[in-house]
Amino acid sequence: MKIQPIVHKTLAEAVAGKLTASLLDGSLQPGTQLPPERELITRFGISRTTLREALKTLEKDGFVEARKNVGWFARRIDESNMTQAREMSGPARQAERSARSEPPTGPIRLPIASEKPIHIPNLQKDRFGTFDFISWWDREKVQNAKVMVVGAGALGNEVIKNLALMGIGNIFIVDFDKIEMANLSRSVLFRETDNNRSKAEIAAARAKSVNPNVHVQYLNGDIMTKLGLGVFRRMDVVIGCLDNREARLAVNRFCYWINKPWVDGAIQELLGLVRVFVPGQGACYECTLTEQALRDLSLRYSCPLLARQNILLGKVPTTPTIASIIGAMQSQEALKLINNMPVEPGKVTHFNGMVNEMHTTAYSPREDCASHWTYGDVTELPARAERTTLDDILRIACADLGLNAVIELDQELVTRLECSTCHTVEEILRPLSEVTFDAGRCPICGELRETFLTHVITGEEPYLHRTLASVGVPPLHIIRAHNDEEYRFYELTGDLMDALHFRDYESTIKLAVEKPARIRIKDKIHVNATKETPVLKVRSSRIRLRD
Ligand SMILES: [Zn+2]
Ligand SMILES: [Zn+2]
């Protein structure tokens, strides 16, 4: 394999390419005058020499012309000057040259990015200015993007840090775990003083301090039970930074149901892998599991109370270095998805840090994969999980589907626990996630009792007056109903404002109110009303996340 030399672009070439792009997309009409040099210099954050160099290049190709004592004017782009420009530039041309071992002749210009309208950044003031020089980077898409990061451990820390640095506009962080000392060796966002605090909360606060331009929201809870599907529905990409199969399987199914791409990452010692799953395009996560793994998963679920407890154990040894490598790759895949750049769904890229080998292979999709199902149209109801009862939602379903409609809950509901020794029955009616293994034991004899579960509500139940929230339905969830023939999907859209806002850590004012001491300091600023910065410095150093 012949390795092609990397083409380096000078700043002048990049600026010339940008101006050409705006000629091609019509934002600079032929015959119109370019902005004054002074303005271009400020907006690009470049020197006069660099700008002149860029303009001279464009003049040579006949894209612009100088009118003496007036300025620069755009010219019509036609076949002749386009051909001339292509002659001088383009990766194909350069590859040809290097194949013939010829030195590049004349200035090498960047390929024209005609699809991208011009934006002239001010590199002195604009944090994301340099990204605009990336031909496919769409600033608006990146700023408006909504990305969920599931898991704020070693991988999650790296991913969140990268998303914040790149200015991914809205970041939703989910984790149920607390920070412990051993996390500090692998987590760039955590500090010693964070011990025992929520990982999701601290990661969100630090993302905001890495880049105050991004909006963050966090959920300190379990992805499998506490997050409504309506949140997934409003994301552009989901990034899984998980360490167990159960959570991956849950994320995979949720994403498939509402047709969202997700990026999985996994690390162990110096090994790691990255894979992108897009519903309907190649294999999904469940397709990658062996028969044995699927059997193991169902075996663990056969004792439901124990299965949940086991998920919480199991720690994998990793290094911060492999977390950086894999987390960086995951962040890039998400960035590509946001910018509509091609990705390779259903494939896995393995990285072996021991021997520095990387290879990509495709998984085979399974015909009979249980995850392959995508919801139809979702009906948005002004209902809330806290206020809507099982009866309410069943009535709506019956109106649409007929009297044989039933509701399918996503989480198993523990209805009762029975002790076969003492012949006692305890009515429970709580979601499985809220019933601990110990609670499963008989208070009289200590034996493990039999657990009775259901996830189908038919209308016969004596507990139809219970709210959806009380049976474990999270806010903004999408409820599934069906008769024997078809399904309907109802979103609890009344929860939208509370469940999805990206306003966490939006201002320090809220924090100041929580601490009386800070109000006093604020008063002081009012009273003294001087421009002395030391006062402000004291104030900002006192701001802590929350007590
Ligand atoms: Zn599958
Ligand atoms: Zn008993």
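Are Trp257 and Tyr375 buried or exposed? In this predicted model, both residues are buried. Their surroundings are described below, after the overall fold and the metal site.

The protein chain contains 19 helices and 16 strands. Of its 547 residues, 47% count as buried. Contacts between distant parts of the sequence are frequent in the tally. Among contacts in the protein chain with a separation of 6 or more, 67% join residues that are 24 or more positions apart.

The zinc ion (ligand 1) is held by four protein donors: Cys284 (SG), Cys287 (SG), Cys369 (SG) and His372 (NE2). These donors lie 2.0 to 2.3 Å from the zinc ion. The angles among the four donor atoms run from 95 to 121 degrees, and the site is tetrahedral. For comparison, the ideal angle for four tetrahedral donors is 109.5 degrees. Along the sequence, the donor residues follow the spacing C-x2-C-x81-C-x2-H. Two of the donors, Cys284 and Cys287, are buried.

Aromatic rings form 16 pairs in the model. In one of them, the ring centres of Trp257 and Tyr375 are 5.5 Å apart. Their planes meet at 15 degrees, under the 30-degree limit, so this pair counts as stacked. Trp257 belongs to helix H10 (residues 245-257). Tyr375 sits in the loop between strand S10 (357-362) and strand S11 (378-381). The pair therefore ties together parts that are 118 residues apart in sequence. Both residues also belong to a wider cluster, in which ring pairs link Phe232, Phe254, Trp257, Trp373, Tyr375, Tyr487 and Phe489.

Trp257 has a charged partner as well. Arg480 lies over the face of Trp257, at 4.9 Å from the ring centre. A second arrangement of this kind involves Arg67 and Phe73. The charged end of Arg67 sits over the Phe73 ring, 3.7 Å from its centre.

Nonpolar side chains tend to be buried together in soluble globular proteins. Here the largest nonpolar core has 49 residues. Those with the most contacts inside this core are Ile160, Leu163, Ile168, Ile171, Ile173, Ile239 and Ile326. Helix H14 (residues 320-338) supplies the largest share of the core, eight residues. Leu163 shows how such a residue is surrounded. Beyond its neighbours within four places in sequence, Leu163 is in contact with Val147, Val149, Ile168, Ile171 and Ile239. A second, separate core has 33 residues, including Met148, Leu249, Phe254 and Ala499. Phe254 is thus named twice: it is part of this second core, and it is also part of the aromatic cluster with Trp257 and Tyr375.

Methods:
Residues are numbered from 1 along each chain as its sequence is written. Chains are lettered from A and ligands numbered from 1 in the order in which they are written. This is a predicted model: local features need pLDDT of at least 70, side-chain atom pairs count only at pLDDT 80 or more; totals for chains, interfaces and linings use all residues. Side-chain values use heavy atoms; hydrogens and water are left out. Donors are N, O and S atoms within 2.8 Å of the metal (3.2 Å for Na, K and Ca); water is not among the atoms, so sites may look incomplete. Four donors count as tetrahedral if all angles lie between 85 and 135 degrees; four count as square planar and six as octahedral if opposite donors are over 155 degrees apart and all others between 65 and 115; anything else is irregular. Buried means under 20% relative accessible area, exposed over 50%, partly exposed in between (1.4 Å probe, protein chains only). Rings of Phe, Tyr and Trp (its six-membered ring) pair if their centres lie within 6.5 Å; planes under 30 degrees apart count as stacked, over 60 as edge-to-face and the rest as tilted. Helices (H or I, at least four residues) and strands (E, at least two) are DSSP runs, numbered from the N terminus. A charge sits over a ring if NZ of Lys or CZ of Arg is within 6 Å of the ring centre and within 35 degrees of the ring normal. A nonpolar core is a set of buried Ala, Val, Leu, Ile, Met, Phe, Trp, Tyr and Cys residues joined through side-chain atoms within 4.5 Å. Contact means heavy atoms within 4.5 Å.
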